[in-house]
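Good morning, and thank you for coming. I shall present one protein structure today, moving from its overall make-up to a few individual residues. Please keep the structure in view as I speak.

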Amino acid sequence: MSSLDITKMWRDPGAPADSFYLVRPECKDVPKSKFRIKNGKTLSERKWRAAFSPEGYLDIGKTLGRIHRGGIHPSIRGEVWEFLLGCYDPKSSHAEREDIRKQRRTQYAILKEECRTMFPVIGSGRYITAPVITEDGDPILDPLVLQEAKAAKEAKEATSCASDDYEMVKEDDKRVIEWKLSLHQIGLDVARTDRSLVFYEKQENLSKLWDILSVYAWFDKDVNYCQGMSDLCSPMIILLDDEADAFWCFERLMRRLRGNFRYTESSVGVESQLNNLASVTQVIDPKLHQHLDKLGGGDYLFAVRMLMVLFRREFSFCDSLYLWEMMWALEYDPDLFLTYEDPELAADKSEESKSKAKSRQVGKFERENMKNAGKAAEAPLPISVFLVASVLKDKSDKLLTEARGLDDVVKILNDVNGNLDAKKACTGAMKLHRKYLKKAANTHR
């Protein structure tokens, strides 16, 4: 490659990626994506395929830096995400991954059928938005729900058993009651999720999102369903054609985030992350933390949405995907798959962390945490906390001079919607992370 070609490559403004996620023409106020597909920077299909051996073993170290620098080409985004989220081991072969894929698809089909027998609208190509059961287990015979159930029965030629299940006079199983109570809320959220996208003009795609979230609510008995999960799941069904593959990719994402959605009588799931954010801000910008605390915002509840749905509302659809994959590439641990599949074996391998910290198979953010292991009293924090902290740091002057109450804080942070740059946000988060580790290490000496 000549020096002129190299210069052109680095000056390449890139091609917009919005054409891969078409917006409905009547939606005029949707922010344009800042993400650009750039030759030599964005992970292309050619570079991705070149990272595999003939047997299918992936040298993921060849891709992490490129993903951080320029994201992933939309045509391969789904399959790359499956590795970044730990669905597959990069050290597995094509044949081994195909076996796992078949097993998971079978497992999802069993889960979905179990849900369908309890509520026949599941898998019918439809979804509901009205309650179907009371907290005491009595059915609510809403005309809309009855209409959907009847249509589902006709479309699926449902058995009399499936019909009887739905028409039960009273449900006594507490877990089934809790699950059925969530179904209409899932439907209401599905109807609102990413509706500016042409993709969701199709009823089948809305129902697919509802099916996956409904099955997940049954699958994860501790979390069930919470608002915000539809925002996390939506990209999965857009990127992965097979519903089961999308489900397991979403399930892997929830492994990282489910703690945010767990609620008890004494605590809110995301509370620990908010406490972490407060600690980080107090270290890197004590003046801002003091100001926010004085305004009554020391609990950092104004940042809940950013942490819960990973900036889905602050970025355009395309840019939020770019942000996510940069985060996951920076946090990547090659033992992620093993951690999910065999936690005990993964724990034994953690002794190798010192040598692994030097490996290019490990993401840059995770490498910093590994190098710092033992120097700090606390467990490593996720990059999402530092992303929120970097937004606060960026708006620090404005918050200090203009915020006279929590309403002002919310308004200033809402003004960033659609105006943030994903790459700059990640760069800022990495800088704050290094600064935080350094100060925290000095504190514990």
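I begin with a term: a residue is called buried when its relative accessible area is under 20%, exposed when that area is over 50%, and partly exposed in between, using a 1.4 Å probe and protein chains only. A word on the source: this is a predicted model, in which local features need pLDDT of at least 70 and side-chain atom pairs count only at pLDDT 80 or more, while totals for chains, interfaces and linings use all residues. Residues are numbered from 1 along each chain as its sequence is written, and side-chain values use heavy atoms, with hydrogens and water left out.

Let us take the whole protein. Its secondary structure comes to 23 helices and two strands. Here helices (H or I, at least four residues) and strands (E, at least two) are DSSP runs, numbered from the N terminus. Of the 445 residues, 52% count as buried. The protein exposes about 21500 Å², of which carbon and sulfur atoms supply 50%; such accessible areas come from the Shrake-Rupley method with a 1.4 Å probe, and for residues only the protein chains shown count as cover. A contact means heavy atoms within 4.5 Å. Among contacts between residues at least 6 apart in sequence, 75% join residues at least 24 apart.

I turn to the interior. A nonpolar core is a set of buried Ala, Val, Leu, Ile, Met, Phe, Trp, Tyr and Cys residues joined through side-chain atoms within 4.5 Å. Which residues of the largest such core touch the most other members? Of its 127 residues, they are W81, W210, M229 and F250. Helix α15 gives the most to this core, with 11 residues.

Helix α15 covers residues 317-331, and 15 of its 15 residues are buried. The expected span of a helix is 1.5 Å times one less than its number of residues. For the 15 residues of α15 that comes to 21 Å, and the end C-alpha atoms are indeed 21 Å apart.

One residue of α15 is E325, which is buried at 0% relative accessibility. What does the side chain of E325 reach at 2.8 Å? The partner is the backbone nitrogen of I72. This is a polar contact, that is, a pair of N or O atoms within 3.5 Å; within protein, one must be able to donate a hydrogen and the other to accept it, and residues adjacent in sequence count only if both atoms are side-chain atoms. Leaving out residues up to four places away in sequence, E325 touches I67, G71, I72, R77, W81 and L84.

Two of those neighbours lead us to helix α3. Helix α3 spans residues 61-70, and seven of its 10 residues are buried. The buried set includes I67, along with R66 and H68. Just after α3, G71 takes a positive phi of about 75°.

On phi in general, most residues other than glycine have a negative value. Y300, however, has a positive phi, near 60°. Y300 lies in the loop between α13 (286-294) and α14 (304-308) and is buried, with a relative accessible area of 0%. L310 also has a positive phi, of about 50°. L310 sits in the loop between α14 and α15 and is buried at 3%.

Beyond α15, D333 occupies the loop that leads to α16 (336-341). A polar atom of the D333 side chain lies 2.9 Å from the backbone nitrogen of D335.

Let me return to W210 from the core. Outside its neighbours within four places in sequence, W210 is in contact with ten residues, among them F119, R126, L183 and I186. I186 belongs to helix α8, residues 174-192, and is buried at 0% relative accessibility. I186 and S230 are 44 residues apart in sequence, yet their C-alpha atoms are 7.7 Å apart in space.

Finally, the cysteines. How many disulfides does the structure hold? The number is zero, a disulfide being a pair of cysteine sulfur atoms within 2.5 Å. For C87, the nearest cysteine sulfur, that of C249, is 4.4 Å away. C87 is buried, with a relative accessible area of 1%. For C233, the nearest cysteine sulfur is also that of C249, at 9.5 Å, and C233 is buried at 0%.

Thank you for your attention.
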